[in-house]
There are 2 protein chains.
Amino acid sequence: VQQAAAADVWTSISPASARRLLLGALDAFSENGYGAATTRDIATRAGLSPAGVYLHYRSKAELLYEISKLCHTAALAAVEAALESETTPVARVEAFVRASTTWHARNHKAARVIQYELRGLEGRRYREILPLRQRFEELLRREIEAGKRCGAFSAAADDAVTHAVLSLSIDVARWYRPSQDIDPELLGAIYGRLAVAMLTAGG
Amino acid sequence: VQQAAAADVWTSISPASARRLLLGALDAFSENGYGAATTRDIATRAGLSPAGVYLHYRSKAELLYEISKLCHTAALAAVEAALESETTPVARVEAFVRASTTWHARNHKAARVIQYELRGLEGRRYREILPLRQRFEELLRREIEAGKRCGAFSAAADDAVTHAVLSLSIDVARWYRPSQDIDPELLGAIYGRLAVAMLTAGG
């Protein structure tokens, strides 16, 4: 299940050589950082000749942009689906954090790239990705505000607390490895409950 | 105060040109990533000729190692001092998270380098830094266990929850910028209380 879900982001990419290039770039960027990756290394990982990247992409920067667009869109879709499954602010915040945490654990390589390597995007491309990030945060912020208005969350839950709730799932990109034997769904369930505990605690 | 405290890590470095090189490397690594940084760029930032790095350091890797050693040691000293100031597990965990958060915000450039750029260290140097990271986590884990034993923290506070408590302060390295006008001390106080709320919440 984990493997299949992780593959979902990429299955729509064709031809297969373009998909292999994106996955090769993902491995290279997440292992060594965007700055240290070379188009030669990426092509080799994709099973192509050293200049093979240029069959489908103009540059390393274009690969980063494509990965960013695909993965931000997928993460956003995951939390949007989770929000739709619940009605109260408390249940919706819990569902958001559960889905975001599970997504970041299941797609931990992609998550490392989109959380820590975005400075590799040029201004124009970064400005295309930024609204996806802003919408992700805005969805959470809106639910926290709704929970405060109905008295379910503490009035002390300000921007710093919203950042902290986001940190739970985002920092998973830094430390999570499948070898640690923590199931992504279980981790999501635990972190969803922690988020509610943070938001209901008095200031 | 912020500026002075941030400078503390570096004031012991002499001569001044070595200190300027470390600070130039810190800027280069935190802005563009270790992989994209060049010794020429670092030397220029330090006000030296293009080969100026080699006056005091053998390589970019040695600069990363020196920065890592200094900053991990400083972060560890900050949480150790905070722990000593309190006696109960609850107060000690709160003090740990408060100190760690404040340190990561105040030293956000250094924090980005030590949290996200360590793969630039070779095996031998990484093995020297790893015990400092392990001790940092172990100090928190020990207090959480003590709090569980005396019934102050939930028995459900397992490894996943310990990771979440660490994430609060570590992810500050990713998002914090002084321009956001959140005071490092205030952020630390808020996050210290959130950590206690997470640990006292039932499973």
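Contact here means heavy atoms within 4.5 Å. I start with that because the interface depends on it. What you have in front of you is a predicted model, and I will go through how its two chains, A and B, are put together.

By that cut-off, 33 residues of chain A are in contact with 33 residues of chain B. Of the interface residues of chain A, 100% are also interface residues in chain B, so the two copies meet through the same surface.

Next, the symmetry. Chain A superposes on chain B by a rotation of 180 degrees, with 0.0 Å of shift along the axis and an RMSD of 0.0 Å. The copies are therefore related as by a two-fold rotation axis. If you want to find that axis from chain A, look for Gly35(A): its C-alpha is the one in chain A nearest the axis, at 2.3 Å.

Now the interface itself. About 2600 Å² is buried between chain A and chain B, and carbon and sulfur atoms give 62% of that area. Which three residues supply the most on the side of chain A? They are Arg119(A), His163(A) and Arg174(A), with 22% of the area that chain A buries against chain B.

On the polar side, nine residue pairs are in polar contact between the chains, both partners being at pLDDT 80 or more. As for elements, helices H2 (16-32), H6 (108-116), H8 (159-170), H9 (172-175) and H10 (184-200) of chain A each give two or more residues to the side that touches chain B. There are two salt bridges between chain A and chain B. In a salt bridge at 2.8 Å, N to O, the side chain of Arg119(B) meets that of Glu117(A).

One residue to look at closely is Ser167(B), in helix H8 (residues 159-170) of chain B. Is Ser167(B) buried or exposed? Its relative accessible area is 0%, so Ser167(B) is buried. Leaving out residues up to four places away in sequence, Ser167(B) touches Ser167(A), Asp171(A) and Trp175(A).

Last, the nonpolar core. The largest one has 138 residues, and those touching the most other members are Phe29, Leu168 and Tyr191, in chain A and in chain B. Helix H4 (residues 60-84) of chain A gives the largest share of this core, twelve residues.

Tyr191(A) has neighbours in both chains. Within chain A it touches Val97(A), Thr101(A), Leu168(A), Val172(A) and Trp175(A), and across in chain B it touches Ala160(B), His163(B) and Ala164(B), again not counting residues up to four places away in sequence.

How values were computed:
Residues are numbered from 1 along each chain as its sequence is written. Chains are lettered from A and ligands numbered from 1 in the order in which they are written. This is a predicted model: local features need pLDDT of at least 70, side-chain atom pairs count only at pLDDT 80 or more; totals for chains, interfaces and linings use all residues. Side-chain values use heavy atoms; hydrogens and water are left out. Copies are superposed by least squares on the C-alpha atoms of residues with pLDDT of at least 70 in both. A nonpolar core is a set of buried Ala, Val, Leu, Ile, Met, Phe, Trp, Tyr and Cys residues joined through side-chain atoms within 4.5 Å. Buried means under 20% relative accessible area, exposed over 50%, partly exposed in between (1.4 Å probe, protein chains only). Helices (H or I, at least four residues) and strands (E, at least two) are DSSP runs, numbered from the N terminus. Buried area is the accessible area (1.4 Å probe) that two parts lose on being put together, summed over both. A salt bridge is a side-chain nitrogen of Lys or Arg within 4 Å of a carboxyl oxygen of Asp or Glu. A polar contact is a pair of N or O atoms within 3.5 Å; within protein, one must be able to donate a hydrogen and the other to accept it, and residues adjacent in sequence count only if both atoms are side-chain atoms.
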